[in-house]
Amino acid sequence: MPAALPSVLLATSEVAPLVKTGGLADVSASLPAALAAIGADVRVLLPGYPAILSGMCESRTEGRIGPSAGLPGATLLSGRINDRLRCLVVDCPELYGRAGNPYVDGAGADWTDNPLRFGLLSKVAALLCGAASPLGWRPDVLHCNDWQTGLAPACLSFDRQAAPAVAAAEAKVTATVFTVHNLAFSGSFEPALLARLGLPPESFSMHGLEYHGRLSFLKAGLYYADCITTVSPTYAREIQQAPLGFGFQGLLAARSNRLFGILNGIDTATWDPATDPCLAGRFTKDTLDARAANRRAVQQRFGLEPDDDAMLFGVVSRFTEQKGIDLILDAWPGLAARHRLQLAMLGSGDRLLTDAAAECVRRYPGRVGFIGGFDEPLSHLIEGGCDAFLMPSRFEPCGLNQMYSQRYGAPPLVRATGGLADSVLDDASATAPRGTGFVFTGDTSAALVATVVRAFAAWQDRPRWRALQAAGMQRDFGWQASAASYVGVYRQAIAFATASGQATARSSSRVRTDA
Ligand code: ADP
Ligand code: GLC
């Protein structure tokens, strides 16, 4: 008989489609759905933002969580996000009752009480894995994601240390897995918050929560979790060295036997060009002509000339240093002078970059379009309408858009980093079974220019381009293989946690005998 699948509590700060700022939301919805599809008992733990409270169904109260240290009390709710996703929600209006972006205020500044907001989320995650849980359900694995839930593995470990006899008597030890989606966000705060979060003062050390004199939620996850994963094999290697380790490379290299890189999958039902309601024309690899309606719709939405002979590039991105948007804007004047190209960009983020994009539109009317903001349906239309997709990220833990674009017949142009290197096969590669896009090295606009010119030449050879599109559309980016890899990591984490639980039990029984 096959071994039972581990039960999982996946703690996260965003989930698609209700609250999304980036790929974390997509993964927080699609990984649990994939695990549930193979029979695992998975529940997603979320903060009770207004969009979650109004978007969840079958909501019921599970219990009250009392105030502790400087944290307010909360109510634990259970319900569903959709028919595939069971959820648990921390309802605390004082901390989560704010609409819009979950991390920043209307002016784009971080909410000053973020450490309390995500401290509470982490503490509740740990609570649900211990004897004090109000639920009659204990997960085998607590799976945390990014700094917002990084404190949870630490809290679980402190709870066990504080009551070793209780921990030793427990029938089951919950193992912890911490997934790094982006090491650039470390959740670092004033050490004074230690007391407000009810964390043991002795944990503020190099061998604990301290990172350069501050309390780091990210370090907590990296240090205390039984296993660490990140979202692509290449990024797992890159973060064990500077500069992409962002200062955590030593810790990550020291824990490399517990660090695994698993490429994200995508939700192939939501992202299916044959059925996507956001498209003007739906299509498959055999009906690529139907893409023309999307292309026209993109040109129209972005104020571009209805030019069939210009190669149309698409961008859907957070506008940050990470994504290499500046490389695109720097490359554009040289490219536009020599080639018949168009550019449609959707995104929001750093003011300097969005201003530069708006300036580019003014200089190249009818050739360049920029729409600021977050627009999910428009992002689908761009993937289904542009000729090629630009993603020259300086680093990219995984990246989802390059997978969406391959599935939507828009070959991506990417830098060879992180998940981009792991998911795009270069058109010219001798080893690839068949190219699906264009991969370049170096982080200069000159490298990007050369790659755009290469792609433009390929695009003008229409049968060759169709073969490239079809090769990308045939790739399997579904979750099946990666969900199985997560199950493997969960089992390893359980083995590590059980071994350390037995060690704790032995030492606590020794203490009792000695006394
Ligand atoms: P990251 O999480 O670093 O932003 P990913 O490629 O993993 O990068 O995921 C980004 C997700 O957010 C994708 O689903 C992408 O389509 C979406 N996205 C990013 N910016 C926008 C936007 N302005 N409007 C709509 N969707 C966006
Ligand atoms: C992060 C990364 C991105 C990744 C996403 C989901 O936001 O920047 O590369 O795809 O998380 O894991």
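In this predicted model, Thr451 is a buried residue, because its relative accessible area is 3%, and a residue counts as buried under 20%. Thr451 belongs to helix H17, which covers residues 445–460. Leaving aside residues up to four places away in sequence, Thr451 touches Leu413, Phe438 and Phe440.

Helix H17 also packs against helix H18 (residues 462–473). The axes of H17 and H18 are 5 Å apart and make an angle of about 110°. H17 is therefore roughly perpendicular to H18, since angles of 65 to 115 degrees are placed in that class. On the H17 side, the contact is made by Ala455, Ala458, Trp459 and Gln460. On the H18 side, Arg462, Arg464 and Trp465 take part. Sorted by class, the residues of the contact of H17 with H18 comprise 4 nonpolar, 1 polar and 2 charged.

A further helix pair is formed by H11 (residues 291–301) and H14 (residues 376–385). Their axes lie 8 Å apart, and the packing angle is about 125°. H11 is therefore oblique to H14, because an angle of about 125° is neither within 65 to 115 degrees nor over 145. The crossing in which H11 passes H14 is left-handed. From H11, the residues in contact are Arg291, Asn294, Arg295, Ala297, Val298 and Arg301. They meet Leu378, Leu381, Ile382, Glu383, Gly384 and Gly385 of H14. The contact of H11 with H14 contains 5 nonpolar, 3 polar and 4 charged residues.

Buried nonpolar residues were also grouped into cores. The largest nonpolar core contains 99 residues. Within this core, the residues with the most contacts are Leu45, Leu209 and Leu222. Helix H1 (residues 23–37) supplies the largest share of the core, namely 8 residues. The surroundings of Leu222 can be listed in full: Leu222 touches Phe178, Val180, Leu183, Ile228, Phe248, Leu251, Leu252 and Arg255, with residues up to four places away in sequence not counted. Apart from the largest core lies another core, made up of 34 residues. Among the residues of this other core are Ile325, Met345, Ala388 and Ala458. Ala458 also appears in the contact of H17 with H18, on the H17 side.

How values were computed
Residues are numbered from 1 along each chain as its sequence is written. Chains are lettered from A and ligands numbered from 1 in the order in which they are written. This is a predicted model: local features need pLDDT of at least 70, side-chain atom pairs count only at pLDDT 80 or more; totals for chains, interfaces and linings use all residues. Side-chain values use heavy atoms; hydrogens and water are left out. Helices (H or I, at least four residues) and strands (E, at least two) are DSSP runs, numbered from the N terminus. Buried means under 20% relative accessible area, exposed over 50%, partly exposed in between (1.4 Å probe, protein chains only). Contact means heavy atoms within 4.5 Å. Axes are lines fitted to C-alpha atoms, for helices over the stretch in contact, and angles run from 0 to 180 degrees between N-to-C directions. Angles under 35 degrees count as roughly parallel, over 145 as roughly antiparallel, 65 to 115 as roughly perpendicular and the rest as oblique. A crossing is left-handed if the near helix is turned anticlockwise from the far one by less than a right angle, and right-handed if clockwise. Ala, Val, Leu, Ile, Met, Phe, Trp, Tyr, Cys and Pro count as nonpolar, Asp, Glu, Lys and Arg as charged, and the others, Gly among them, as polar. A nonpolar core is a set of buried Ala, Val, Leu, Ile, Met, Phe, Trp, Tyr and Cys residues joined through side-chain atoms within 4.5 Å.
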